[in-house]
Amino acid sequence: MSLKEAYRRMLLIRYFEEAIEKLFLEGRVMGTAHTCIGQEAVSVGIAAALQPQDAMTATHRGHGHFLARGADPSKMMAEIFGKSTGYSKGRGGSQMMMHTEIGFYGSNGITAASIPFATGLALDASMRGSNRVTACLFGDGASNQGVFHESLNIASLWKLPVLYIVENNGYAMSTSTDQGLSNPCIADRAKAYNIPGATVNGNDFEAVRECVTEYASAARAGKGPALIECLTYRLSGHSKGDPRVYRSREEEQDAWAKDPVKSLEKHLISEIIITPAEIASMRREVTAQIDQAIAESERAPAPGLSEFRNSLFAESCSVKTTDPEKTNL
Amino acid sequence: MRNITFTQIIRETLESEMKRDESVFLMGEDIGVYGGAFGTTHGLLKKFGCTRVRETPISEQAVTGIAIGAAVAGQRPVIEIMFMDFITLCVDQMVNMAAKLHAVYEQSCPLVLRTPPGAGRGYGATHSQSLERLFCGIPGIKIAAPSNAYDASALLQTAIRDDNPVLFLEHKLLYPMRFEVGDKLPEPIPFGFSKITRQGDDLTIIAWSYMSVIALQAAAKLAQDDIEAEVIDLRTLCPLDIETIIESVRATGRVIIIEEGPITGGFAAEIAAQITEQAFEYLDYPVKRVAGMNLPIPSARDLEAACIPSVEVVTTEARDLAQAD
């Protein structure tokens with residue numbers, strides 16, 4: 001992924017999330033959503049380090065992860081609008097989307113639930129001898145769930161090709177990492193499981209990409225998992241309607257000074273990789289893309305109950321009969 | 001014909017399914033050299049190696065989640081949870097991941113979770129529970145609860161070949177019991193078809209898992225008093241074969257449901273509700289439940305026996321119901 005493309009994806013995530021916040025404020029969508037404004041460099045840095053056959057699992061704050069991996073913003077928007085054209089046909093909403101064709105194995109509403117799931121994807125890759133690496137994304141809050149520790153222990157024992165990537169954005173909802181972590185360095189936990197641990201500036205696209213690339217190569221070479229901690233900041237609230245009473249506006253201002261989208265933009269301009277005119281046109285394109293996604297989503301049909309009811313179970317099962325007499329042995 | 005234990009047929013069925021399909025593999029605690037706490041995987045490590053007979057640390061939640069991930073990626077994991085009581089540790093992954101995958105993402109999850117419920121061995125309050133009720137109200141999980149070797153093999157094959165998550169109950173009192181089965185394993189049978197294990201027209205007794213054994217023993221005693229009970233062995237709780245139940249209840253007008261778990265909030269209550277909704281006018285008497293007491297399972301032998309349905313209690317309750325005017 002070129003730096004230009006990385007910037008475009010970060011811009012897409014930023015504008016998408018801003019649009020979502022506005023849509024909620026205006027009451028045009030219902031439910032809830034957790035936006036990732038300020039964390040765009042983590043998602044795009046990871047996506048840039050992955051290969052097409054690789055897998056990614058995401059969190060409840062997963063729009064950025066999915067867009068970075070190459071999701072269609074129109075289908076994502078339709079999902080948030082609860083329409084049949086959405087990735088989960090309106091059944092999942094903001095927190096539950098999956099598209100395995102691009103190696104995206106789902107955002108997930110349960111904190112840390114995707115950690116063993118991603119480990120299972122890696123077990124499959126290991127059993128098949130494939131060259132797939134799984135990037136398992138989760139937050140600082142998830143690192144306090146028991147299943148995080150269980151999974152890292154097993155992945156280390158079995159040398160599974162999985163990267164545990166924690167987006168440390170400073171807060172588990174309103175609980176700061178000061179209150180939630182006995183040791184503020186999550187990467188240190190890698191030592192307990194005899195795997196490499198690394199801390200990286202999560203607001204620096206290139207730093208994230210390099211770090212993930214390095215450990216993905218190691219995992220692909222059979223060296224097993226790693227724990228990568230990306231230090232970032234959630235500039236947005238936890239979810240819609242968060243009054244952010246747990247932190248000061250000054251703290252937020254300091255964090256805005258490290259805005260990853262602005263940082264990359266400055267870098268690209270100073271290195272003459274991109275011109276201000278190109279940036280302006282890219283912004284117009286991304287804005288138009290999102291406006292179109294919203295317009296399409298509003299027009300899209302609502303999902304039907306009968307199709308949903310028929311989807312509870314996978315139908316495919318090799319054992320079938322319509323004759324109960326035959327089985328009443 | 002052969003006379004073999006329930007344990008033996010589970011082991012043979014696992015072996016046969018692993019031979020049939022390379023994507024079938026086992027995960028669980030102490031399932032390798034030790035052969036599983038109840039011996040159901042004895043010898044399989046030697047036959048299939050540690051990749052497909054995968055011993056795990058004591059991490060039930062992660063093991064369940066790992067199995068779900070592997071299943072979504074195309075494997076067919078069969079996990080063993082040593083005692084059903086430990087399934088509380090798997091509930092998040094089963095309820096919030098496995099049960100949601102198809103309904104929300106239209107993603108198949110061919111996973112089997114095998115586990116032994118049940119009291120009767122004096123193992124105490126945390127190694128004796130029947131906790132299927134935790135899953136009966138969770139759409140998206142199938143539940144099989146066989147009561148004999150034939151059904152266990154046939155249903156386990158179906159469970160492994162099904163593209164959905166299946167909770168598979170192997171009552172621990174069944175493991176050492178011996179059954180007559182053919183030289184070859186039975187053919188798989190589809191879920192959702194109960195079995196009328198005894199025909200009768202005086203009353204209907206409904207049960208599953210080991211309680212189906214109790215039901216047949218009670219029915220034999222009742223026959224000595226010329227009371228002919230029809231016994232329905234559900235075989236699967238989800239899907240539930242309500243049609244067979246309703247048909248039988250319409251004919252007998254009297255029904256007892258036996259459940260080993262505590263009477264309050266159990267699956268018997270759900271069956272009773274469905275009978276009342278669908279066959280109320282055919283009932284001569286209210287639906288009767290014989291179930292475990294609303295107490296933890298105690299360890300002391302007589303105390304434990306007093307807390308769960310016995311042949312004697314079922315026989316007495318059934319006789320009273322059959323002879324009521």
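In this predicted model, strand 2 (residues 134-139) and strand 3 (residues 162-168) of chain A run in the parallel sense, held together on paper by 6 bridges. One of the pairings to look for puts A:G139 opposite A:E167, its bridge partner in strand 3. Strands in a sheet pair through backbone hydrogen bonds, whether parallel or antiparallel.

Zooming out, these two strands belong to an open sheet of 5 strands in chain A, laid out in the order 1-2-3-7-6 with parallel pairing. Strand 1 (55-57) and strand 6 (197-201) sit at the edges; each has a single partner strand, so one side of each has no neighbour in the sheet. From one strand to its neighbour there is a turn of 20° on average, direction ignored.

Helix 9 (residues 205-220) of chain A packs on this sheet, where it touches strand 2, strand 3, strand 6 and strand 7 (226-231). The helix direction makes about 175° with that of strand 7 of chain A.

Then there is the contact between the two chains, to which chain A brings 37 residues and chain B brings 40. On the chain B side, at least two residues each come from helix 3 (60-72), helix 4 (91-105), helix 6 (149-161) and strand 9 (195-198). Helix 3 of chain B gives the most to that side, with 9 residues. Sorted by class, the side of chain B that touches chain A comes out as 18 nonpolar, 16 polar and 6 charged residues.

Terms used:
Residues are numbered from 1 along each chain as its sequence is written. Chains are lettered from A and ligands numbered from 1 in the order in which they are written. This is a predicted model: local features need pLDDT of at least 70, side-chain atom pairs count only at pLDDT 80 or more; totals for chains, interfaces and linings use all residues. Two strands pair if DSSP finds at least two bridges between them. Helices (H or I, at least four residues) and strands (E, at least two) are DSSP runs, numbered from the N terminus. Axes are lines fitted to C-alpha atoms, for helices over the stretch in contact, and angles run from 0 to 180 degrees between N-to-C directions. Two residues are in contact if their C-beta atoms, placed from the backbone, lie within 7 Å. Ala, Val, Leu, Ile, Met, Phe, Trp, Tyr, Cys and Pro count as nonpolar, Asp, Glu, Lys and Arg as charged, and the others, Gly among them, as polar.
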